Amino acid sequence: MTKVFTIGAGTSAARAPRARADRPPWQERPSVAGQSAKGLSLGGVLAVMLVPLWIVVVTSLATPGAVNRAGGLVIWPDGFTLQAYREILTDPTIRTALIVSLGITVAGTALSMVVSVLCAYGLSRPRSPGHRLILVLLIVTMFVSGGLIPTFLVVTGLGGYGQWWALILPNAVSVFNILVLRSFYAKTSAELIDAARMDGAGDWRILRSVVLPTSRAVTAVIALFYAVGYWNSFFTVMLYMPTDSEKWPLQYVLLTYVNRGAGMPGSVNAGFGMAHAQTAPLSTQMAVVVLTLVPLLIVYPFVQKNFRAGVLTGAVKG
Amino acid sequence: MVVPAIVLLLVFNYAPLFGLLTAFQYYDPPAGVWNSDWAGFDQFRLLFADPLFWGALRNTLYLGLVQLVLFFPIPIALALLLNSVLSVRVRNFIQSVVYLPHFFSWVLVITIFQQMLGGAGALNQFLRSHDLQTWDITTNPGTFVLLVTSQVVWKEAGWGIVVFLAALSAVNPGLYEAAAVDGAGPFRRMWHITLPGLRTVIVLMLVLRLGGTLSVGFEQFLIQRDAVGHETAEVLDTYAFYYGITTGDYSLGAAAGLFKSVISLLLIWGANKLAHFFGEDGLYRR
């Protein structure tokens, strides 16, 4: 569907007047049909991505009256109130969950980054002792794993049930991320490092003053990957603290109260006659959805432009 | 400097590998791996005698293959489409939008789908207000495979284009110019230059995805399993979770997990062999 241009227009195209400065001279001018088909399909893709988010945000800002008038989700803004946000931010469950989520994300990301950066730097220096063996040790874990049950048994065996560290440590190291970092660090100019060494800098100093500053982009991307992983995790909660509701992070609250527990009106849960004292108002539910999105939306624009660098090396060499 | 990472991997990746021994035991929590009784292959015999296990295996293969077939071409098509957009601004904007859902959690994605397509969702709200037959997609076992596939497409198709876009930008632009001068139209240029340029990456991604077929979105199914019923939504991973952790039959769960891992490794190995057979690099160069 990409190329709906008329074939055969190619030969005279080079002489045709150029419509755009960035179109190479040899490229045909696209037909109107081709251009509009392209525009339509890209517009469609954007709509599929953005319309649901739009509806969620608009509903979270809508007054109860507007929700009633619309018979549910609100598609066009109709009145405006921050009532739903005021409610969830004063709700003790959600407030605790927000703090827990932020805490796990910050602590986990910090730990993961320190461990990964150190490991990647160590492996990026040629001729470091045991280099190949350690690399093999890392890569093996990408292909074989003990799986769910043995991991669960190890973590609970170490006393992790109901503990914060059980949500962080088991997934703190991503070998994939380490390999991406390593391939970047290995590209740091050898002259620069040699010069630093001449000046008497040790490995710590080189890492801090030479390698890290020259690879900020990839470090930011990897930090985002880790942070998103911690922020989004809910399965570890289900495994290690399914009943301690006062320790739940935001995603698990979203799952429990919005996705199933509170029984979305009309979903099966509501029909099974489970004891739902009260379904939270739709705006409030949508405000919780938005709340889980906000931190991501704040960080995303700053990191997004560096994605290609970060993902590529990993994907191609991984 | 590598010590902290190695310690974490030894404890949380290598110790569980050793813990796979539970699959060959009658695991008894107080006794632990060291003192539980050996079962030989009894757990696997139990597993293979369980019709629920075969149901889970069938669902896994069915859902995994449908997802593979329907999902795989979409990022490639999207990358080609995006690559043909000349304006850098427009291209960057579209990229930032389509990458975004990759960073959403499954809880969030499924909640959004429920809000759009569920019984009280936007779609049915519209149908109801126009006196049309309502259609609850999120709880219907018949359309479950399409529902989960569209969720995967919504969440991951945009992110999937990163690799292909990079491969596209690595194609030498001189080739296009030479072909155009020789009279090749857009179709022929795509067929003879663009697609061959993508071939290595396509094969690599295919090998990786085949290896992941049995691991179809665990969290995705876990969340939706109860809404559509386990007959449709139970996959090997959720089976291991429910029979291993929820009912406490650790050895049986571990056996199911081990079975899955072995088949996955075989799949990735086979796909890689096949890639080599057709003269491609696959995971590594021969």
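These exercises, each with a worked solution, explore a predicted model of two chains, A and B.

**Exercise 1. Compile a short profile of each chain: how many helices and strands does it have, and what percentage of its residues is buried?**

Let's begin with chain A. Its secondary structure comes to 17 helices and 0 strands. Of its 318 residues, 40% count as buried. For contacts in chain A with a separation of 6 or more, 68% are accounted for by residues 24 or more positions apart.

Now turn to chain B. Here you will find 15 helices and 2 strands. Chain B has 286 residues, and buried ones make up 44% of them. Among its contacts between residues at least 6 apart in sequence, 64% join residues at least 24 apart. Along its principal axes, the C-alpha trace of chain B spans about 75 × 60 × 40 Å.

**Exercise 2. Describe the side of chain A that touches chain B: which helix gives the largest share, and what is its make-up by class?**

Start with the residue counts: chain A brings 82 residues to the contact and chain B brings 72. On the chain A side, helix α2 (residues 32-60) supplies the largest share, with 11 residues. Sorting that side of chain A by class gives 53 nonpolar, 22 polar and 7 charged residues.

**Exercise 3. Follow α2(A) to α6(B): at what angle do the axes cross, and which residues make the contact?**

First, the geometry. The axes of α2(A) and helix α6 (residues 88-99) of chain B come within 9 Å, crossing at roughly 40°. The crossing is left-handed.

Next, the residues. From α2(A) come Leu42(A), Val45(A), Leu46(A), Met49(A) and Leu50(A), while α6(B) offers Ile94(B), Val97(B) and Val98(B). By class, this contact has 8 nonpolar residues, with no polar and no charged ones.

**Exercise 4. Classify the crossing of α6(A) and α9(A): why is it oblique?**

Take the angle first: the axes of helix α6 (residues 131-143) and helix α9 (residues 175-185), both of chain A, cross at roughly 135° and come within 9 Å. Because an angle must be over 145 degrees to count as roughly antiparallel, and 65 to 115 degrees counts as roughly perpendicular, α6(A) is oblique to α9(A). As for handedness, this crossing is left-handed.

To finish, look at who meets whom. Leu138(A), Ile139(A), Thr141(A) and Met142(A) of α6(A) meet Val175(A), Phe176(A) and Ile178(A) of α9(A). The class count for this contact is 6 nonpolar, 1 polar and no charged residues.

**Exercise 5. Examine the largest nonpolar core: which residues touch the most other members?**

The core has 150 residues, and Leu181(A), Leu254(A), Phe164(B) and Ala256(B) touch the most other members. Helix α5 (residues 92-124) of chain A gives the most to this core, with 12 residues.

Now zoom in on Ala256(B). Leaving out residues up to four places away in sequence, Ala256(B) touches Leu47(B), Phe53(B), Leu236(B), Tyr239(B), Ala240(B) and Tyr243(B).

**Exercise 6. Decide on Val2(B): is it buried or exposed?**

Locate the residue first: Val2(B) is in the segment before α1 (3-19) of chain B. Then count its surroundings. Val2(B) has 23 other C-beta atoms within 10 Å, so it is buried, because 20 or more are required.

Finally, list its partners. Not counting residues up to four places away in sequence, Val2(B) touches Leu118(A), Cys119(A), Gly122(A), Leu123(A) and Ile134(A).

Methods:
Residues numbered from 1 in each chain as written. Chains lettered and ligands numbered in written order. Predicted model: local features only at pLDDT ≥ 70, side-chain atom pairs only at ≥ 80, totals over all residues. Contact = placed C-beta atoms within 7 Å. Helix = DSSP H or I, 4+ residues; strand = E, 2+ residues; numbered from the N terminus. Nonpolar A, V, L, I, M, F, W, Y, C, P; charged D, E, K, R; others polar. Axes fitted to C-alpha atoms, helices over the stretch in contact; angles between N-to-C directions. Parallel < 35°, antiparallel > 145°, perpendicular 65-115°, else oblique. Left-handed = near helix turned anticlockwise from the far one by under 90°. Core = buried A, V, L, I, M, F, W, Y, C linked by C-beta atoms within 7 Å. Buried ≥ 20, exposed ≤ 12 C-beta atoms within 10 Å, placed from the backbone.
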